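The exercises below are meant to be worked through with the sequence and the coordinates at hand. Try each task before reading the solution that follows.

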Amino acid sequence: MKNLEYTLEKELIDQGYAIVCGVDEAGRGPLCGPVVAAAVILPDGLFLEGLNDSKKLSEKKREQLFDRICESAVAYSIAESSVEEINQTNILEATLSAMRKAIQGLSTKADFALIDGNIARGFSLPAKAVIHGDAISPSIAAASILAKVTRDRACLSLDQQYPQYGIARHKGYGTKEHMEALRLYGPAPIHRTKFIRFLQDSET
């Protein structure tokens, strides 16, 4: 696996930004649970073996890197937007809100944010959207791992509260198992109303 390089971070430092954070989210697509975001500031040039987009890593590797990132980072912060917030607004706004909260929670303040994805608006500091940033920037990749592991751990907790849906296995995504459980048991308070409209469609 090719090592990620600090190309984007170095470009920004050359432009005069002293502290760059990477930001990513986990949980935009599932039918239930919060959306989680993380912001990470890594030491300049830090090499963490295996650091990459969290989706390309095994659960065991993500867990290992989670601890190493937390130990090595200059600062990191993890935040979430609840199901209630997702239901009140929409998943995009809730995701951006979680990202803003993560940046605000950094113990060392960043002066530029690299945001995974194609939208970077409403931030209190200069920010740049980077498509597939978690496969390009070490800072964003580190944030993706913190967000993914945190979201997966939240799913294990949700599974204990609502074991009938099988959340520990599918992490809330719209798998056949999850869809069938929703039709059988109906939605729980943890489900996102706009994501489960298919239940209404199946009743008509």
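**Exercise 1.** In which strand is Val40 found, and is Val40 buried or exposed?

*Solution.* The model is a predicted one, and the first step is to place the residue: Val40 belongs to strand E2, which covers residues 35-41. The second step is to apply the cut-off, under which a residue is buried if its relative accessible area is under 20%; because Val40 has 0% relative accessibility, Val40 counts as buried. The third step is to list what surrounds the residue: leaving aside residues up to four places away in sequence, Val40 touches Val20, Cys21, Gly22, Ile69, Ala73, Ala75, Tyr76, Ser139, Ala142, Ala143 and Leu146.

**Exercise 2.** Identify the residues that touch the most other members of the largest nonpolar core, and state which element gives the most to this core.

*Solution.* The largest nonpolar core has 22 residues, and those touching the most other members are Val40, Leu42, Leu51, Ile69, Ile145 and Leu146. Two or more residues each come from E2, from helix H2 (59-72) and from helix H5 (138-161), and H5 gives the most, with seven residues. Separate from this core lies another, of 18 residues, which include Ala75, Leu96, Ala98 and Ile115.

**Exercise 3.** Check whether the span of helix H4 agrees with its number of residues, and name what covers its buried residues.

*Solution.* Helix H4 (residues 91-104) has 14 residues, which at 1.5 Å a residue should span 20 Å; because its end C-alpha atoms are 20 Å apart, the two values agree. At the start of H4, a side-chain oxygen of Asn90 comes to within 3.1 Å of the backbone nitrogen of Leu92. The buried residues of H4 are Ile91, Ala94, Thr95, Leu96, Ser97, Ala98, Met99, Ala102 and Ile103, and their cover includes strand E1 (20-26), E2, strand E3 (75-81), helix H3 (83-88) and strand E4 (112-116).

**Exercise 4.** In what order do the five strands of the open sheet stand, and which strands stand at the edges?

*Solution.* The order is E3-E2-E1-E4-E5, with mixed pairing. Since E3 and strand E5 (127-130) each have a single partner strand, they stand at the edges, so one side of each is left without a neighbour in the sheet. On average, neighbouring strands of this sheet are turned by 20° against each other, direction ignored. E4 and E5 pair in the parallel sense over four bridges, and Ala113 stands opposite Ala127 in E5. Finally, helix H1 (residues 7-14) lies across E1, E4 and E5, running at about 155° to E4.

Definitions and conventions:
Residues numbered from 1 in each chain as written. Predicted model: local features only at pLDDT ≥ 70, side-chain atom pairs only at ≥ 80, totals over all residues. Heavy atoms only, no water. Buried < 20%, exposed > 50% of the residue type's maximum accessible area, 1.4 Å probe, protein only. Contact = heavy atoms within 4.5 Å. Core = buried A, V, L, I, M, F, W, Y, C linked by side-chain atoms within 4.5 Å. Expected span 1.5 Å × (residues − 1). Polar contact = N/O pair within 3.5 Å; in protein donor to acceptor, adjacent residues only side chain to side chain. Pairing = 2+ DSSP bridges. Axes fitted to C-alpha atoms, helices over the stretch in contact; angles between N-to-C directions.
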